[in-house]
Amino acid sequence: DPPFLSYMYMQTYKVMEEKKQLFPTEEVSLPSRGLIYPADNPLSRGSVEMKYMTAKEEDILTNESYIKKGVVIDKLLQSLIVSPINYNDLASGDKNSLLVAARVLGYGKDYKFDIQSPTGAKISHTLDLTELEDKELDKKHLLKPNTNEFSFTLPVLKKELTFKYLTHRDERKIDEELKGRKKANQEVGELTTRLKYIIQSVDGDYEKKTIREFVDNQLLARDSRALREHMKNIGPDVDMTFEYEDENGDMQRGVNVPLNITFLWPDA
């Protein structure tokens with residue numbers, strides 16, 4: 001019922017405005033630049049407003065129930081986001097950017113951790129999280145404007161695929177499907193399950209049955225790897241790599257940022 005939806009939207013907007021009045025906020029840019037969201041979706045603006053972390057959010061971070069269910073990060077981000085968005089619409093890469101922003105807004109930009117150099121030496125390092133760069137989406141890769149769909153030709157099978165970047169809604173569906181399979185003592189294949197959600201069409205056929213049968217029976221490992229590599233190269237996300245000087249004075253580049261417990265729990 002559109003009037004009801006309009007009412008709910010206005011109520012959400014009212015709550016968000018109250019948040020803005022109570023706490024200082026920051027505008028956080030999305031790696032997707034909003035290009036993969038429909039034009040009428042608030043996320044198409046390409047940025048999300050977030051408030052600074054308070055004691056309330058620290059309670060969320062220490063909530064044992066949220067931690068056990070694996071939803072603590074989602075609960076945290078939902079509490080911090082001020083913009084009237086549907087959290088389920090967020091693409092994974094954009095959500096990663098908001099997580100880094102949440103850490104900065106909550107505990108500052110300096111992230112301290114230990115890393116092991118190639119020779120095995122333990123080195124203490126402090127990373128300025130604001131220096132992490134977004135891997136922004138180039139609109140030339142879009143199949144259509146404001147659509148989360150892209151094209152790719154498999155190098156071996158030569159089939160034309162279209163694919164999407166998973167949203168929080170997709171991730172929830174995948175988790176539910178995997179849990180259901182495990183509960184029913186069925187074979188649990190996380191990679192193939194994810195690919196069935198990622199792939200949108202095979203040679204122009206958008207039928208879900210066709211896609212699932214293709215992934216189960218035809219998709220070659222080389223083609224699967226090529227697709228995932230292509231998605232990684234062009235997809236919106238945060239570049240979670242950094243460089244540091246080791247004990248010999250040599251620069252180590254392209255090192256993955258270790259996301260340990262102190263990323264969101266600095267005092268742990």
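In the predicted model, the largest nonpolar core comprises 64 residues, and Met50, Leu98 and Phe163 have the most contacts inside it. Helix α5 (residues 92-107) supplies the largest share of this core, namely six residues. For Leu98, the residues touched beyond four places in sequence are Val28, Leu30, Val48, Met50, Leu77, Ile81 and Leu90. Helix α5 also carries Lys95. With a relative accessibility of 16%, Lys95 counts as buried, because the cut-off for burial is under 20%. Apart from its neighbours within four places in sequence, Lys95 is in contact with Asp74, Leu77, Tyr87 and His168. Leu77 is thus listed among the contacts of Leu98 and among those of Lys95.

Aromatic side chains were examined next. A pair of aromatic rings is described by the distance of the centres and the angle of the planes. Seven aromatic pairs are present in the structure. In one of them, the ring centres of Tyr111 and Phe113 are 4.9 Å apart and the planes meet at 50 degrees, so this pair is classed as tilted. Tyr111 is buried at a relative accessible area of 0%, and Phe113 is buried at 4%. Phe150 and Tyr165 form an edge-to-face pair, with 5.2 Å between the centres and 80 degrees between the planes. This second pair links distant parts of the chain, as the two residues are 15 residues apart: Phe150 belongs to strand β6 (residues 150-153), whereas Tyr165 lies in the loop between β7 (160-163) and α6 (168-183). Phe150 is buried, its relative accessible area being 0%, and Tyr165 also counts as buried, at 11% relative accessibility.

Tyr111 and Phe113 further belong to one aromatic cluster together with Phe242, Tyr244 and Phe263. A charged side chain is placed against a member of this cluster: Arg103 lies over the face of Phe263, at 5.9 Å from the ring centre.

The strand that holds Tyr111 and Phe113 is β3 (residues 110-116). In a regular strand the side chains alternate between the two faces of the sheet. Along β3, Tyr111, Phe113 and Ile115 point to one face and are buried, while Asp110, Lys112, Asp114 and Gln116 point to the other face and are not buried. Strand β3 pairs with β4 (residues 122-128) in the antiparallel sense, over seven bridges. Within this pairing, Phe113 stands opposite His125 of β4. The hairpin formed by β3 and β4 has five residues between the strands, and Gly120 in this hairpin adopts a positive phi near 100 degrees.

A separate description applies to the sheet containing β6. Three strands form this open sheet, in the order β6-β7-β8, with antiparallel pairing. Strands β6 and β8 (199-202) are the edge strands, each pairing on one side only. On average, neighbouring strands of the sheet are turned by 25 degrees against each other, direction ignored. Strands β7 and β8 run antiparallel and are joined by three bridges. Ser201 in β8 is the bridge partner of Thr162. Helix α8 (residues 208-217) lies across β7 and β8 and runs at about 90 degrees to β8.

Key. Residues are numbered from 1 along each chain as its sequence is written. This is a predicted model: local features need pLDDT of at least 70, side-chain atom pairs count only at pLDDT 80 or more; totals for chains, interfaces and linings use all residues. Side-chain values use heavy atoms; hydrogens and water are left out. A nonpolar core is a set of buried Ala, Val, Leu, Ile, Met, Phe, Trp, Tyr and Cys residues joined through side-chain atoms within 4.5 Å. Buried means under 20% relative accessible area, exposed over 50%, partly exposed in between (1.4 Å probe, protein chains only). Helices (H or I, at least four residues) and strands (E, at least two) are DSSP runs, numbered from the N terminus. Contact means heavy atoms within 4.5 Å. Rings of Phe, Tyr and Trp (its six-membered ring) pair if their centres lie within 6.5 Å; planes under 30 degrees apart count as stacked, over 60 as edge-to-face and the rest as tilted. A charge sits over a ring if NZ of Lys or CZ of Arg is within 6 Å of the ring centre and within 35 degrees of the ring normal. Two strands pair if DSSP finds at least two bridges between them. Axes are lines fitted to C-alpha atoms, for helices over the stretch in contact, and angles run from 0 to 180 degrees between N-to-C directions.
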